[in-house]
Structures are given as structure tokens and as C-alpha cells.
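Take a walk through this fold, one contact at a time. Keep the viewer open as you read.

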Amino acid sequence: MQKQESKMGFFRNVNTQPKQQSKKGGNKATIFVYVMAALETMTFSSNGVSLFSYFHGYMNFSLTKSATALTNYLGTAFLLSLFGGFISDTYLSRFKTCVIFGFLEVLGYALLAVQAHLRQLRPFPCKDVVGPAGCEPASTNQEAMLFTSLYLVALGTGGIKAALPSLGADQFDEMEPEEAAPLSSYFNWYMFFLNLGAIFGVTFVVWINTNQGWDWSFGVCSIAMVISVLVLSMGRSVYRNNTPSGSPLTRILQVFVAAIRNRNLPLPARAEELHELHDKEAEQNETLQRTDQFRFLDHAAIVRQSAVTDNWKTCTVTQVEETKIIVRMLPIILSTVFMNTCLAQLQTFSIQQSTTTDRKIGNFQIPASSIPLIPLLFMSILIPLYDQVFVPTARKFTGIPTGITHLQRVGIGLVLSAISMAVSGIVETHRKSVAVKHNMVDSSDPLPMSIFWIGIQYAIFGVADIFTLVGLLNFFYAESSLGMKSLGTAISWCSFAFGYYTSTVVVNVVNSVSGGWLASDNLNRDKLEYFYWLLAGLSVVNFGVYLLCASWYKHKKVLVKHGDSDYVEHS
């Protein structure tokens, strides 16, 4: 008699379910993943907070061009994760994707280091110009080398962001109930090491480019990426590796084409009459059950005997459900974009606010660009507490391995982001009142107000990030089909891309409609507090939209067959 196990909505055939190799995977394999995540984030975050200075001070870009170049670079880096996810799922394993794209980053940073070191490859810095001669802008060739190098880095980091989280998650078998909790814990610790890398980036690497030069800084980034690739390669013998299963985009397109071709055919009354491969015919060990949403796409699985082997005319139910999963995911990711738009605004204006405050601790003055260190340190303390205290406690009440569901976790993060924007408005109101009280509205001297006031809003948003980013990564990995894990992870990063892209648009629209809340060069005379409160209000509206999307979302159902045995998993 076959043993069946039922827990928290999971129904499994324990005797017949294949076990992954016991000597591979697990926590010992994720150590190598964590190291690469930390080193890659160290290089990416350090440049994210300081490239503006390089563009403006060393490449002689205008302030506007510098800001646009940085925003486009950051947005493109996250958007290119879609390309990395496609390559990983279609042609390469996740391990090979990380190695190849890691070396692209190495090459990009090396070229940046060469350009920063050789004066003939960049213009003479305007800040060093003496006399009336004036400074010269970067030539077309110099800009071409800069952007070629920079977007090699963006391409490399995009591939790693898509494949690396999934490579680590692959080390735990999501089909095994006893590995569900370690899988959830993995994403928390992955976030911890991202924060650890970012801390070193905004301190150690930023100190190098400030005190030793940009050539040294880019050189250190290149060496760090070499080390990260070597460390990841050291764990190759213990990894559980995925096997690419063909282009996910082609499979999705086939479903839409087949559904349109079969639109006039009646749907069968029973789901079992739709086309599906079973047992030895199926190449995958995961078969998805039909769901009721997007019934039009079910036409793609109507059996046409003359075209049953042509995927452009007849698709399997699993293939149709893969497509439905991606379609269902889109509202979820789109409803988190505004949070990252707020993050982009916070990163910009918090640094401007911090330049007006007292940044001294004793005889040491905190650099304004290092204010992201405050939430990073805060998050590094909270993540272990969340994983080791909150999750086990919540698990006792909910019975869910992750303590709370992935969508609940994302929702909590969205609420905290709205609170962060409201607190930002309150702090800015206080900062301006201090300026008025001490008659320093038009003064460039620091206000008698500690920089740690600005850190409050950043710290709250950092907590929001713990919930939302990790929740999204976990959610998209869990919900994606076996052949789309990297692409699903990449979709979660796109929220950052669109957030950065829309941040400039939001400022321009607000300035235009409000008559210039943020148009002055003097922050003490701007209406930044109104802008923050507007973002808080819009964040509340966005949360309401998210609740509708989350309540509408239907989780995938997996039917796995091994021999004569089946079980259905509700994800």
C-alpha cells in the first residue's frame, strides 16, 4: 500500500517520489552561491551610489546627463535579467549562465579601469581645469568606450541576477516537505548576503574610488568578480543542476498561436479530453493541472488528430498552464513597481537631504552618499531575526513553512513602504522647521539636526525591502514551472527596472502639475514634504490594487506521475 502524506494542502506520494542525490545540494552547496551574491552586489551597489560622481566629475557629463545615464544603467541592468533568464532556461544551465555572465562583468569592469587609468581615453576633468580655457566634453569615442564597458557590466549582472537565486534554490527539492522550510530560509539568507555585499560596496569600494582613484575602484570590482566566479566554480561537484528544456518564450507563443487557430472549436466538457502527455511520453516530471482562468487559452490544448504532434496547432495542458502562470504573474509584478519608484526617489532625495544635516560623529563626518549604509545595517540585523524568530513562531500558528505566504509577505512590504513615505514627509517638515527656526533657509551650512533623522525613513523602507524583495523572489521561483525558474526570477527583478525608469517621469509630472514643488535648487524652499505625502497616498492606492491582484491570483496545481502513482500539489 502506497504511503500518502498530506500537509498544508500538499498531497504527496512519498514512496514513489524520486529523491535527488543525497550527496548533492543542501546548505553546503548554497555557501558558494552566497559568496558570489555578496561579491557581485558589492561591485554593483558601490557603482550605483557613486557612478554619478564619475560621470559628472571625470567624464564631464552635465548634471542632467549624469542622472539620466545612471538611471538608464541601473534600469537596464535589472531589465537584462529577462535576457539572462531566457538564456538560462533555454540553452545553458544556471551554473553555466552565472559563470559566463560573470566573466562579462569582469571584462566590463576591466575596460572601465583601463579608461579611468589612461587620460587619453577620457576628457580632462572639468574640476581640475585652471584658467579661462574651459573644459571639454567627452568625445564620441570616449563615450562609446564608456557605455560599451558599462553595459557589459549591466548584461553580466542581469544574467547573474536571473540565474544565481534560482541556482541556490535548486539545491533544495521543493517536492520534499522537509525541504520546504530550508528553501524559504535560503531566500532570507540570500537577501542577507546581498546586504552584506552592499555594505562593503558603499563603504570599502566607495572609499577606494574617493581616495585611491576610479581606476583602482574598477580594478577591485573586476578582481572581485573573478574571485566570485572561481568560488562558484569550486562548488560545481555538489550542485544539483537544472537541464534546459527549450525556449520558454517559444512555448508561450505556441499557446497563443494555437489558441487563436482553435478559437472556433468547442472546448470539451471534461478536462481529461484536452491534450496532455503522460508517463513515458512526457519529458518533464511536472505536469500542471488545468485551471479555470483564461479559458480562451484552453483552446490551444484541444486535440486535433491531424496536428497532435504540431505544437503550433495543439499544445499540452501543461504548456497552456505555463503560459497562464506568466500571465497571472504580470499584475502581481506591476503592482510592486510603484514601491521601487518610491525607492528611487528616496535614494535621490535622502542624499540631498543629508547634505543639509549635521553628519559628524565626533571628529568623523559621514559622507552623504553613505547614508544607504543605515538601512543596510538595520536590515542585516533584522533578516536573521526574521528567519530565526519570526518565521518559526508564525509557522506554529499557520503551519506554513515560510511562516506567512509569499503574497502576504509582499503585501506587508508594500504597507511599510507607504509608511516610509509618510514618515519621510514628517521628517522633511521637521527639517524645514529647523531651517526656519535658525534662520538658515538660504544658508549652505549644515543644520543643527542629525543625519540620523533622515535614516529613520530609510530604515523603514529597508524593512519593507526585506518583506517585498524576498517575498517576490520566493513567490516567482515557487510558482514558475520547472522550465521557467530563471525567467520567473528575472520577472521579479523587472519591478526594479520599471521603478527606476518611471522615477524621472514621476518627478517631471509632479513638477509640471504642481507648479514646481521640486523645481528649486534650494531644498529648504522646495515642497519635498508634499511630494513625499503624495507618494504615501499613491502607495496606499497601489496597495489596494495589489490586494485585488493577490486575491485574484490562483496558485499552480502540479500533477506528478511516477509509474502508476499520482499526487497533486497545490503550490
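Lys-432 is buried, because its relative accessible area of 12% falls under the 20% cut-off. This is a predicted model. The partner of Lys-432 is Glu-529, and the two form a salt bridge. Their closest N and O atoms are 3.2 Å apart. The pair links distant parts of the chain. Glu-529 sits in helix H15, residues 528-552. Lys-432 belongs to helix H12, residues 406-437. The separation in sequence is 97 residues. Glu-529 is buried as well, with a relative accessible area of 8%.

Side chains of opposite charge can pair when their charged atoms come close. The structure holds 11 salt bridges. One of them joins Lys-161 to Glu-40, with 3.8 Å between the closest N and O atoms. Here too, distant parts of the chain are linked. Lys-161 is in helix H5, while Glu-40 is in helix H1, residues 27-57. They are 121 residues apart. Both Lys-161 and Glu-40 are buried.

Now look at Glu-322 and Arg-251. They form a salt bridge whose closest N and O atoms are 3.0 Å apart. Glu-322 comes from helix H9, residues 317-334, and Arg-251 from helix H8, residues 248-261. The pair links distant parts of the chain, 71 residues apart. Both Glu-322 and Arg-251 are buried. Salt bridges also link up into a network, made of Arg-290, Asp-292, Asp-298, Glu-321 and Lys-324.

Return to helix H5, which carries Lys-161. H5 covers residues 140-169. Is this helix mainly enclosed or open to the outside? Of its 30 residues, 22 are buried, so H5 is largely enclosed by the rest of the structure. Its length fits expectation. At 1.5 Å a residue, H5 should span 44 Å, and its end C-alpha atoms are 44 Å apart. The helix does have a kink. The kink is about 25°, at Lys-161, shortly before the proline Pro-165. So the kink and a salt bridge share a residue in H5: Lys-161 marks the kink, and Lys-161 also pairs with Glu-40.

Leu-150 lies in H5 too. Is Leu-150 buried or exposed? Its relative accessible area is 2%, so Leu-150 is buried. What does Leu-150 touch, beyond residues up to four places away in sequence? The answer is Leu-51, Phe-55, Tyr-73 and Leu-112. Tyr-73 is 77 residues from Leu-150 in sequence. In space, their C-alpha atoms are 7.6 Å apart.

Compare helix H14, residues 485-514. H14 has 30 residues. From first C-alpha to last, H14 reaches 44 Å, close to the 44 Å expected at 1.5 Å a residue. There is a bend in H14 of about 30°, placed at Thr-502. After H14 comes Gly-515, with a positive phi near 85°.

Next, move to residues with more open surroundings. Tyr-91 is in the loop between helix H3 (81-90) and helix H4 (94-117). Its relative accessible area is 57%, so Tyr-91 is exposed. Tyr-91 still has contacts beyond four places in sequence, namely Phe-86 and Pro-244. The C-alpha atom of Tyr-91 is separated by 7.9 Å from that of Ser-247. Those two residues are 156 apart along the chain.

Where is Leu-196? Leu-196 is in helix H6, residues 180-211. Its relative accessibility is 31%, so Leu-196 counts as partly exposed. Leu-196 forms a nonpolar surface patch with Phe-200 and Phe-204. Together the three have about 270 Å² of accessible area.

Finally, step back to the whole chain. The secondary structure comes to 15 helices and 7 strands. Of the 571 residues, 55% are buried. How many of the contacts between residues at least 6 apart join residues at least 24 apart? The share is 81%. The accessible surface comes to about 24,500 Å². Carbon and sulfur atoms account for 64% of that surface.

Definitions and conventions. Residues numbered from 1 in each chain as written. Predicted model: local features only at pLDDT ≥ 70, side-chain atom pairs only at ≥ 80, totals over all residues. Heavy atoms only, no water. Helix = DSSP H or I, 4+ residues; strand = E, 2+ residues; numbered from the N terminus. Buried < 20%, exposed > 50% of the residue type's maximum accessible area, 1.4 Å probe, protein only. Contact = heavy atoms within 4.5 Å. Areas by Shrake-Rupley, 256 points an atom, 1.4 Å probe, with all protein chains shown as cover. Patch = residues over 30% accessible without salt bridge, like charges linked within 9 Å, V, L, I, M, F, W, Y side chains within 5 Å. Salt bridge = Lys/Arg side-chain N within 4 Å of Asp/Glu carboxyl O. Expected span 1.5 Å × (residues − 1). Bend = angle between axes of the 7 residues up to and from the residue.
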